[in-house]
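Here is a short briefing to keep beside you while you look through the model. Take it at your own pace, with the viewer open.

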Amino acid sequence: MKKVGKFVKKNKLWFILGCSFLLLLVIGLGVIIYFSPTLKLNGKRTVTVNIHSTYKEEGVKATYQDKDVSKDVVIKGKVNTDVEGTYELKYSIKKGLFEREVKRTVNVKDIEKPVITLNGEKEVKVCPGKASEYKDQGYTAVDNVDGDITDKVTVTTEGNKIIYEVTDEEGNKVTEERNLVESDTDSPTITLNGGENYTVLLNTSFTDSYTAKDSCDGDLKSKVKVTGSVDTKKVGTYTLTYEVTDSSGNTATAKRTVKVVEPAKGGVIYLTFDDGPKQGTTNVILDILKEEGVKATFFVTNSGPDDLIKREFNEGHTVALHTASHDYKTVYSSVDAYFKDLQSVHDRVYRLTGYDSKIIRFPGGSSNTISRNYSKGIMTTLTKEVVNRGYHYFDWNVSSGDAGDVKNADGVYNNVINGLSKSRANVVLMHDIKPYTRDALKRIIQYGKTHGYTFAAITYDTPMVKHGVNN
Ligand SMILES: [Zn+2]
């Protein structure tokens, strides 16, 4: 028993010694932990940054003896975002006996995709079946590092989709798409040459003239169905209707009222306006004619705005030709020069209205003598040659004097009303570029109406009014 007790005593001693050692160890560790700093990275250990961008340092969090000491951390290493590469940053802190260090790897590289910019719409409406005819409006491709890489773009088509693809030197790829949508929702356009309201004199002829165009089908004139007819041998109001449908089923209709009238017993007045169009006068003259329901004839040149010529035509007036330049020296230098100049104004009118005008007036009239200065006998030749070529030329038998001495509305008015005669067709010479003519017009029309005259625009049926030729 004694032996056993001795043994127990010995063990107890070891036990106490062991416990004391463990206790010292724990205390020691505690002291070490307490007197050493901790260091932890904010953010990721490995970071990738786009070249030429800014690297944002997220820092580290350091504590020592439960206090934040992040501001004492020393950072070693630098990141140059303008040069591709791998950069290492070292963060360290020393407190008491202990030092801590953590690292971060920063990769600077081009991770930005190029940008493809398409010219024009990304959704393009094309005519049905015409996707293959679409002409690309172009594109550009720009990369943050490589610059303009438009020439590296590959273009492929998948059905009605155009795919643009480009890859920069770093292998960043981008694609863009353009969709061609086949659809035609636009109705064709019917243009009634001579306007919606047309007046013709009894026992003359009426030639129906119109065009029909479609943005997808082009010229549809042959497909226009015209209903109704005009009997110019019988006074009355006739209605013509026009209908056309394009290949996508869009329909357009138009309507024209044609009045066949007896010339007033008192005679017809053909108001004619030369040398225009001109903004400020021609537009007001058109307003007055519209208000009064009167059709007139405009002998135009190549001057003035296109819109006014379109308006003259669309409002049912006759757009006639007066030469492009109206320059005596040019137009009367030779027969060829005259026809060249005339063709130029013809083409302008045709381009703006689709109307193939063959009604003309010579600058200065066929009786002018000024042409002698440039070419002897040219008027004798021209007056015959224009007729040979299918033109109808008109001089005048009433002059307003507005190109001469008359410089006010009263003078224009008096010249016109004193020149009118009930026993003939009155072709009145005026100039729509003159403000006093513009200002006299309403009174002239009202005079004509109250004195039993009929107003009409010159047509191919109007008998030519000619002067005697003096050169
Ligand atoms: Zn003139």
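What follows is a tour by topic, from the metal site to a few single residues.

Please keep in mind that this is a predicted model. A good place to begin is the zinc ion, whose protein donors are D275, H322 and H326. From there you can move on to the largest nonpolar core, which has 65 residues, and to the largest pocket, with a volume of about 820 Å³.

**Zinc site**
- The zinc ion is held by the OD atom of D275 and the NE2 atoms of H322 and H326, lying 2.2 Å from it.
- Along the sequence, these donor residues follow the spacing D-x46-H-x3-H.
- H322 has a relative accessible area of 2% and is therefore buried, as the cut-off for that is under 20%.
- H326 counts as partly exposed because its relative accessibility is 21%.

**Nonpolar cores**
- In soluble globular proteins, nonpolar side chains tend to be buried together.
- Within the largest core, of 65 residues, L271, F273, L289, Y338 and L441 have the most contacts.
- If you select L441, you will find that it touches L271, F273, I285, I288, L289 and M430, leaving aside residues up to four places away in sequence.
- Another core, of 19 residues, lies apart from that one, and L39, L41, Y55 and V79 are among its members.

**Strand 28 and its partners**
- Strand 28 covers residues 425–431, and six of its seven residues are buried, so the strand is largely enclosed by the rest of the structure.
- Strand 22 (residues 268–274) runs parallel to strand 28, and seven bridges join the two.
- To find this pairing in the viewer, look for V268, whose bridge partner in strand 28 is A425.
- Strand 27 (residues 398–399) is also parallel to strand 28, joined to it by two bridges.
- Here V398 stands opposite V428 of strand 28.

**A three-stranded open sheet**
- Strands of a sheet pair through backbone hydrogen bonds, either parallel or antiparallel.
- This open sheet has three strands in the order 1-3-4, with antiparallel pairing.
- Its edges are strand 1 (38–41) and strand 4 (67–68), each of which pairs on one side only.
- Four bridges link strand 1 with strand 3 (residues 60–64) in the antiparallel sense.
- One contact point to look for is T38, whose bridge partner in strand 3 is T63.

**Largest pocket**
- The volume of the largest pocket is about 820 Å³, and 41 residues line it.
- Of these lining residues, Y198, T199, V200, A457 and T459 lie nearest the pocket centre.
- Strand 16 (197–201), strand 24 (318–321) and strand 29 (454–455) are the elements that give two or more residues to the lining.
- Strand 16 gives the most, with five residues.

**Two loop residues to find**
- S367 sits in the loop between strand 25 (359–360) and helix 6 (378–388).
- Not counting residues up to four places away in sequence, S367 touches H467, G468 and N470.
- From S367 to R438 the separation is 71 residues in sequence and 26 Å in space, C-alpha to C-alpha.
- D327 belongs to the loop between strand 24 and helix 4 (328–331).
- D327 counts as partly exposed because its relative accessibility is 35%.
- D327 and D341 lie 14 residues apart in sequence, and their C-alpha atoms are 9.5 Å apart in space.

Technical notes:
Residues are numbered from 1 along each chain as its sequence is written. This is a predicted model: local features need pLDDT of at least 70, side-chain atom pairs count only at pLDDT 80 or more; totals for chains, interfaces and linings use all residues. Side-chain values use heavy atoms; hydrogens and water are left out. A nonpolar core is a set of buried Ala, Val, Leu, Ile, Met, Phe, Trp, Tyr and Cys residues joined through side-chain atoms within 4.5 Å. Buried means under 20% relative accessible area, exposed over 50%, partly exposed in between (1.4 Å probe, protein chains only). Contact means heavy atoms within 4.5 Å. Donors are N, O and S atoms within 2.8 Å of the metal (3.2 Å for Na, K and Ca); water is not among the atoms, so sites may look incomplete. Two strands pair if DSSP finds at least two bridges between them. On a 1 Å grid over the protein atoms alone, a cavity is a set of points where a 1.4 Å probe fits but cannot get out, and a pocket is an open set with protein on both sides within 12 Å along at least five of seven lines; lining residues have an atom within 4 Å of a point. Grid points are joined across faces, edges and corners, and a volume is the space filled by probe spheres set on the points.
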